[in-house]
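Visitor: I am new to protein models. Could you walk me through this one, and tell me how each label is earned?

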Amino acid sequence: MSPRNRSSIETYLESSMIRRQTALFATATLLGGLAAVTAALAQAPAPASPPPQGQEMMKGHDGMMGRMDPDHMKQMARMMENCNRMMERMNEDKPGSPDGSPPARRS
């Protein structure tokens, strides 16, 4: 059948079928995209809160120190003392300080 011999009903039915297929394809694409986005967001981890800074970390019962048991608190205190001693020794070994005072002597 050539296009000139086609009836208007055949033309209407053919264009209607094309519109339905297009609508079906568009709907399937949108639903598939929505499902993929939903799955991706469901698997994404929640953003972590930033770690406490400075004095916030040392606050009594609200901070990390309040949740530690006494043995860990003692171990942490020893580690801090050792670290401070090491840093003081390193500063003593320097020829001078930025303020111009002579280096401290070891005892």
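**Labels and their reasons**

Guide: Start with leucine 13. Leucine 13 is exposed, with a relative accessible area of 52%. Keep in mind that this model is predicted.

Visitor: Why is leucine 13 called exposed?

Guide: The word exposed needs a relative accessible area over 50%. Leucine 13 has 52%, so the label fits. Leucine 13 sits in helix α1, which covers residues 8–43. Together with Ile9 and Tyr12, Leu13 makes a nonpolar surface patch of about 350 Å².

Visitor: How many helices and strands does the protein have?

Guide: There are 2 helices and 0 strands. Helix α2 covers residues 70–92.

Visitor: How do you know what span to expect for helix α2?

Guide: Take 1.5 Å times one less than the number of residues. Helix α2 has 23 residues, and 33 Å is expected. From first C-alpha to last, helix α2 reaches 33 Å, close to that value. At the start of α2, a side-chain oxygen of aspartate 69 comes within 3.2 Å of the backbone nitrogen of aspartate 71.

Visitor: What makes glutamate 81 and arginine 85 a salt bridge?

Guide: The cut-off is a nitrogen within 4 Å of a carboxyl oxygen. The closest N and O atoms of glutamate 81 and arginine 85 are 3.8 Å apart. That pair therefore passes. The count by this rule is 1 salt bridge.

Visitor: Why are glutamate 81 and arginine 85 separated by about one helical turn?

Guide: Because they are 4 residues apart in helix α2.

Visitor: Why is glutamate 81 called partly exposed?

Guide: Partly exposed lies between the 20% and 50% cut-offs. Glutamate 81 has 45%, so glutamate 81 is partly exposed. Arginine 85, at 39%, also counts as partly exposed.

Note on methods. Residues are numbered from 1 along each chain as its sequence is written. This is a predicted model: local features need pLDDT of at least 70, side-chain atom pairs count only at pLDDT 80 or more; totals for chains, interfaces and linings use all residues. Side-chain values use heavy atoms; hydrogens and water are left out. Patches are made of residues with over 30% relative accessible area and no salt bridge: like charges are joined within 9 Å, nonpolar side chains (Val, Leu, Ile, Met, Phe, Trp, Tyr) within 5 Å. Accessible areas come from the Shrake-Rupley method with a 1.4 Å probe; for residues, only the protein chains shown count as cover. A salt bridge is a side-chain nitrogen of Lys or Arg within 4 Å of a carboxyl oxygen of Asp or Glu. Buried means under 20% relative accessible area, exposed over 50%, partly exposed in between (1.4 Å probe, protein chains only). A polar contact is a pair of N or O atoms within 3.5 Å; within protein, one must be able to donate a hydrogen and the other to accept it, and residues adjacent in sequence count only if both atoms are side-chain atoms.
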